[in-house]
Amino acid sequence: LLQLSVPLNFIGFVYREIRQGLTDIEQMFDLLQVKAEVTDAPDAVALDIGRGAISFKDVHFAYDPARPILNGISFDVPAGKTVAVVGPSGAGKSTLSRLLYRFYDIQSGSISVDGQDIRNVTQKSLRAVIGMVPQDTVLFNDTVAYNIRYGKPAANDTEVKTAAEIAQIAHFIDMLPEGFDTKVGERGLKLSGGEKQRVAIARTVLKAPPILILDEATSALDTTTEREIQAALDVVSQDRTTLVIAHRLSTVIGADEIIVLKSGEIAERGTHSDLLQKNGLYASMWNRQREATQAEEHLKQVREND
Ligand code: ATP
């Protein structure tokens with residue numbers, strides 16, 4: 001009897017462990033549900049889009065209630081203008097772009113497009129007017145042409161080609177073994193970060209949305225690639241309401257306003273020259289980045305002379 005009771009006890013222990021495990025999983029699902037996908041309000045209407053003026057008013061947001069990320073952010077991107085957000089890593093820059101696209105709902109305050117709170121409109125109509133060039137573009141396992149045409153499925157070959165030219169990627173595509181018919185993505189030809197980003201820009205050129213969100217890649221790009229991408233972006237953002245999440249300061253010089261975000265708050269704001277004059281956080285970031293670039297160039301020269 002004794003011999004039998006031990007294994008039975010053990011089974012009881014295992015059973016309780018499994019029960020506990022299931023409860024944990026249930027709790028996890030409950031948690032996930034709290035943060036579940038954003039849904040349309042029952043009375044949501046289609047966004048009535050004009051030129052896409054954006055307004056953030058006293059926005060508070062946290063992914064996890066215990067850890068606030070944005071603490072009362074207010075700024076406007078007037079129709080057709082460009083606002084750039086800069087700041088230290090983890091400040092909440094990319095979060096702003098995710099909130100405008102409404103991947104998450106905010107805790108308080110409001111985000112509106114052309115005067116309409118984005119929580120009152122359908123997600124479909126909101127996302128239809130926003131072109132997003134994300135940090136890391138995921139390409140479909142299909143041809144280059146397919147990946148660009150995704151921005152406007154009805155586009156003809158000439159439109160696809162023109163978009164690629166504007167995005168400064170046409171030349172690269174022409175050199176590929178099968179040109180626009182080359183298969184790319186995880187199971188095809190792997191493109192570099194800069195190339196993928198230009199495919200995303202071409203896609204956005206085709207979509208021609210009134211609002212543009214550019215989330216710059218954090219990964220360092222070489223100077224030529226960076227210049228090419230910048231040239232492409234300048235064309236695309238012209239006359240579009242543009243929010244740039246910038247990791248490199250060289251891309252924000254021309255912005256109508258620069259917002260310097262620090263620990264979820266706006267530390268400074270103004271144009272590039274305003275902020276340099278202020279000699280604060282932006283100015284020190286600018287000087288640090290310039291020194292880093294100079295050091296890099298110096299190193300390159302030394303290597304070339306070797
Ligand atoms: P970087 O310049 O490094 O890209 P960032 O300013 O864009 O930084 P965000 O990506 O907005 O920063 O992130 C802000 C904070 O929110 C970070 O501390 C990050 O860890 C946290 N965070 C980001 N995404 C999530 C998420 N999905 N769930 C929980 N926390 C998140």
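**Entry 1: helix H5**

I began with helix H5, whose buried residues are Val 160, Ala 163 and Ala 164. Those residues span an arc of only 100° around the axis, which means that they sit on the same side of H5. I remembered the general rule here: an α-helix has 3.6 residues a turn, so residues three or four places apart point the same way. Next I looked up what covers the buried residues of H5, and found helix H4 (144-149), helix H6 (170-174) and H7 among the covering elements. Just after H5, I noted that Gln 168 has a positive phi of about 60°.

A reminder to myself: this is a predicted model.

**Entry 2: the chain as a whole**

I stepped back to the full protein chain and found 10 helices and 10 strands. Of its 306 residues, 29% count as buried. I also checked the contacts with a separation of 6 or more: residues 24 or more positions apart account for 72% of them.

**Entry 3: helix H8**

I moved on to helix H8, which runs over residues 223-237 and has 15 residues. From its first C-alpha to its last it reaches 21 Å, close to the 21 Å expected at 1.5 Å a residue. Which residues of H8 are buried? I found Ile 229, Ala 232, Leu 233, Val 236 and Ser 237. They cover an arc of only 120° around the axis, so they lie on the same side of H8.

I then turned to the face of H8 that points away from the buried side, and there I found the exposed residues Thr 224 and Asp 234. The cover over the buried residues of H8 includes strand E3 (82-86), helix H5 (157-166) and helix H7 (193-207). Strand E7 (211-215) and strand E8 (241-245) are also part of that cover. Asp 239, just after H8, takes a positive phi of about 60°.

**Entry 4: strand E3 and its partners**

E3 was on my list after that cover. Five of the five residues of E3 are buried, so the strand is largely enclosed by the rest of the structure. I looked at the two faces separately: Thr 82, Ala 84 and Val 86 are buried on one side, and Val 83 and Val 85 on the other. The general rule I had in mind is that side chains in a regular strand alternate between the two faces of the sheet.

E3 runs parallel to E8, joined by four bridges, and Val 83 stands opposite Leu 243 in E8. E3 also runs parallel to E9, again with four bridges. In that pairing I found Ala 84 opposite Ile 258 and Val 86 opposite Val 260.

**Entry 5: strand E9 and the hairpin**

I followed the pairing into strand E9 (residues 257-262), which is mostly covered, with five of its six residues buried. E9 pairs with strand E10 (residues 265-270) in the antiparallel sense over five bridges. Ile 259 has Arg 269 in E10 as its bridge partner. The hairpin of E9 and E10 has two residues between the strands, and Ser 263 there takes a positive phi near 45°.

**Entry 6: the open sheet**

I checked another sheet next. In what order do the four strands of the open sheet lie? The order is E2-E1-E4-E5, and the pairing is antiparallel. Strand E2 (70-77) and strand E5 (116-117) are the edge strands, each pairing on one side only. Strand E1 (residues 54-61) and strand E4 (residues 108-113) are joined by five bridges, and Ile 54 stands opposite Val 113 in E4.

**Entry 7: positive phi in two loops**

Most residues other than glycine have a negative phi, and I wanted to look at some exceptions. Arg 102 has a positive phi of about 60° although it is not a glycine. I located Arg 102 in the loop between helix H2 (93-100) and E4. Arg 102 counts as partly exposed because it has 18 C-beta neighbours inside 10 Å.

Asn 279 also has a positive phi, near 60°. I found Asn 279 in the loop between helix H9 (272-278) and helix H10 (281-305). Is Asn 279 buried or exposed? With 10 C-beta neighbours inside 10 Å, Asn 279 counts as exposed.

**Entry 8: around the ligand**

I finished at the ligand, which has 13 residues around it. Tyr 63, Ser 89, Lys 93, Ser 94 and Thr 95 come nearest. By class, I found three nonpolar, eight polar and two charged residues in the shell around the ligand.

Definitions and conventions: Residues numbered from 1 in each chain as written. Predicted model: local features only at pLDDT ≥ 70, side-chain atom pairs only at ≥ 80, totals over all residues. Near = placed C-beta within 6 Å. Nonpolar A, V, L, I, M, F, W, Y, C, P; charged D, E, K, R; others polar. Expected span 1.5 Å × (residues − 1). Buried ≥ 20, exposed ≤ 12 C-beta atoms within 10 Å, placed from the backbone. Arc of directions from axis to C-beta. Contact = placed C-beta atoms within 7 Å. Pairing = 2+ DSSP bridges.
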